[in-house]
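Work through the exercises below with the structure open. Each task is followed by a solution in steps.

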Amino acid sequence: MSGETLLCARNLSVQFGGVKAVSDVSFDVQRGEVFTLIGPNGAGKTTVFNLISRIYTPTAGEILFEGRALSGVAPHQVAALGIARTFQNIELFEHATVLQNLLIGRHRHLDHPLWKELLFTPSVRASERATREKVEQVIDFLDLQHYRDTMVAGLAYGVRKVVELARALCTEPKLLLLDEPSSGLNVEETGDMAFWIQDIRDDLGITVLMVEHDMSLVSRVSDRVLAMSQGQVLALGTPAEVQAHPGVIEAYLGSAGDLSSLRRKPAIEEAA
Ligand SMILES: Nc1ncnc2c1ncn2[C@@H]1O[C@H](COP(=O)(O)OP(=O)(O)OP(=O)(O)O)[C@@H](O)[C@H]1O
């Protein structure tokens, strides 16, 4: 961690009809850390991601990225600032190869004017070369060589998750938003995902902001954890500090117990 703030959320609130999805939430993400949001279903974690991605606009408060307010930034400009995102439900082009998906992801980020593309100007040629190089680097980094010419539709779910990660890395982000990177993965794949996340921070120097339910993954990779419940901040600290916080235990389980997975128990179990 550099001790330098990359992203600053100040007194964020957003309301949908009568539901306060996020209520007066503040936190700072330091450059070079893995910062994780945890919380039971409906706590407001995805809403925070959607505020940072500019899909939602806060009803109060603001988000600063590298000191710049995101309020004036359109959703399609967020990637160009250096913020990339993966989704809970993988969003890839199914009928394109891994390589094509990564090239498309990178192209979206470049945003050359059409006239330059059509004339294939030197700057377009240079950025095409840089694109190829970057995509190949990411394929090597995430060990995807074996799948580069395979259609996404034919890939196992665990590999698709890595391809989605690759597509985000191709945009060379400063901040990577990972929405439930372990969802749908088995124990071994979750272990691999932990290694990738650590390597992304340690080898590429990319800051990671993650939403995650699997506490084994959270504890392994997170520098700091923010626990939320019902749209509000419950606790902030190291994974061990947050897991031991009485308010966190109460919010998830109703009483002390197994915190290995922090998903709220189904209503039927809670009622029993
Ligand atoms: N677009 C929306 N319209 C109406 N209500 C919404 C919208 N988005 C989120 N909410 C509500 O805001 C609250 C927070 O939802 P959010 O998806 O952020 O929670 P979460 O912590 O990400 O949950 P999960 O772990 O299940 O993904 C919920 O009550 C949800 O129903």
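Two strands count as paired if DSSP finds at least two bridges between them. Keep in mind that this is a predicted model.

**Exercise 1. Trace the antiparallel sheet.**
Task: find the strand order of the four-strand open sheet and its edges.

Solution.
- Start with one pair. Strand β1 (residues 5-16) and β2 are antiparallel, over eight bridges.
- Fix the register. L7 has V29 in β2 as its bridge partner.
- Extend to the full sheet. The order is β2-β1-β4-β5, and the pairing is antiparallel.
- Identify the edges. β2 and β5 (68-69) each have a single partner strand, so one side of each lacks a neighbour in the sheet.
- Add the helix. α1 lies across β1, β2 and β4 (60-65), at about 65° to β2.

**Exercise 2. Trace the mixed sheet.**
Task: give the order of the open sheet of six strands and say how β3 pairs.

Solution.
- Read off the order: β6-β7-β8-β3-β9-β10, with mixed pairing.
- Mark the edges. β6 (83-86) and β10 (232-237) pair on one side only.
- Note the twist, which averages 15° from one strand to the next.
- Take β3 with β8. They are parallel over four bridges, and T36 has M210 in β8 as its bridge partner.
- Take β3 with β9. This pair is also parallel over four bridges; L37 is matched with L226 in β9.
- Finish with β9 (residues 224-229) and β10. These two run antiparallel over five bridges, with M228 opposite V233 in β10.

**Exercise 3. Cover the sheet.**
Task: which helices lie on the six-strand sheet, and is β3 buried or exposed?

Solution.
- Place α1. The helix lies across β3 (34-38), β6, β7 (175-179), β8 (207-211) and β9, at about 145° to β7.
- Place α7 (residues 187-202). This helix packs on the sheet and touches β3, β7 and β8. Its direction makes about 150° with that of β8.
- Check β3. Five of its five residues are buried.
- Split β3 by face. V34, T36 and I38 are buried on one side, F35 and L37 on the other.

**Exercise 4. Describe the ligand shell.**
Task: which residues surround the ligand, and which element gives the largest share?

Solution.
- List the shell: F16, V19, A21, G39, N41, G42, A43, G44, K45, T46 and T47.
- Assign elements. β2 (19-30) and α1 (45-52) give two or more residues each.
- Rank them. α1 has the largest share, with three residues.
- Sort by class. There are four nonpolar, six polar and one charged residues.

**Exercise 5. Find the core.**
Task: which residues touch the most other members of the largest nonpolar core?

Solution.
- Recall the trend. Nonpolar side chains tend to be buried together in soluble globular proteins.
- Pick out the hubs. Among the 66 core residues, V163, A166, L176, L177, V208, L209 and A227 touch the most other members.
- Find the main contributor. Helix α6 (residues 157-169) gives the most, with six residues.
- Inspect V163. Beyond its neighbours within four places in sequence, V163 contacts L92, V98, N101, L144, V152 and L155.

**Exercise 6. Take the overview.**
Task: how many helices and strands are there, and what share of the residues is buried?

Solution.
- Count elements: 11 helices and 10 strands.
- Check burial. Buried residues make up 36% of the 272 residues.
- Check contact range. Of the contacts with a separation of 6 or more, 68% join residues 24 or more positions apart.

Key: Residues are numbered from 1 along each chain as its sequence is written. This is a predicted model: local features need pLDDT of at least 70, side-chain atom pairs count only at pLDDT 80 or more; totals for chains, interfaces and linings use all residues. A residue is near a molecule or strand if its C-beta atom, placed from the backbone, lies within 6 Å of it. Ala, Val, Leu, Ile, Met, Phe, Trp, Tyr, Cys and Pro count as nonpolar, Asp, Glu, Lys and Arg as charged, and the others, Gly among them, as polar. Axes are lines fitted to C-alpha atoms, for helices over the stretch in contact, and angles run from 0 to 180 degrees between N-to-C directions. Two residues are in contact if their C-beta atoms, placed from the backbone, lie within 7 Å. A nonpolar core is a set of buried Ala, Val, Leu, Ile, Met, Phe, Trp, Tyr and Cys residues joined through C-beta atoms within 7 Å. A residue is buried if 20 or more other C-beta atoms lie within 10 Å of its own, exposed if 12 or fewer, and partly exposed in between; C-beta atoms are placed from the backbone.
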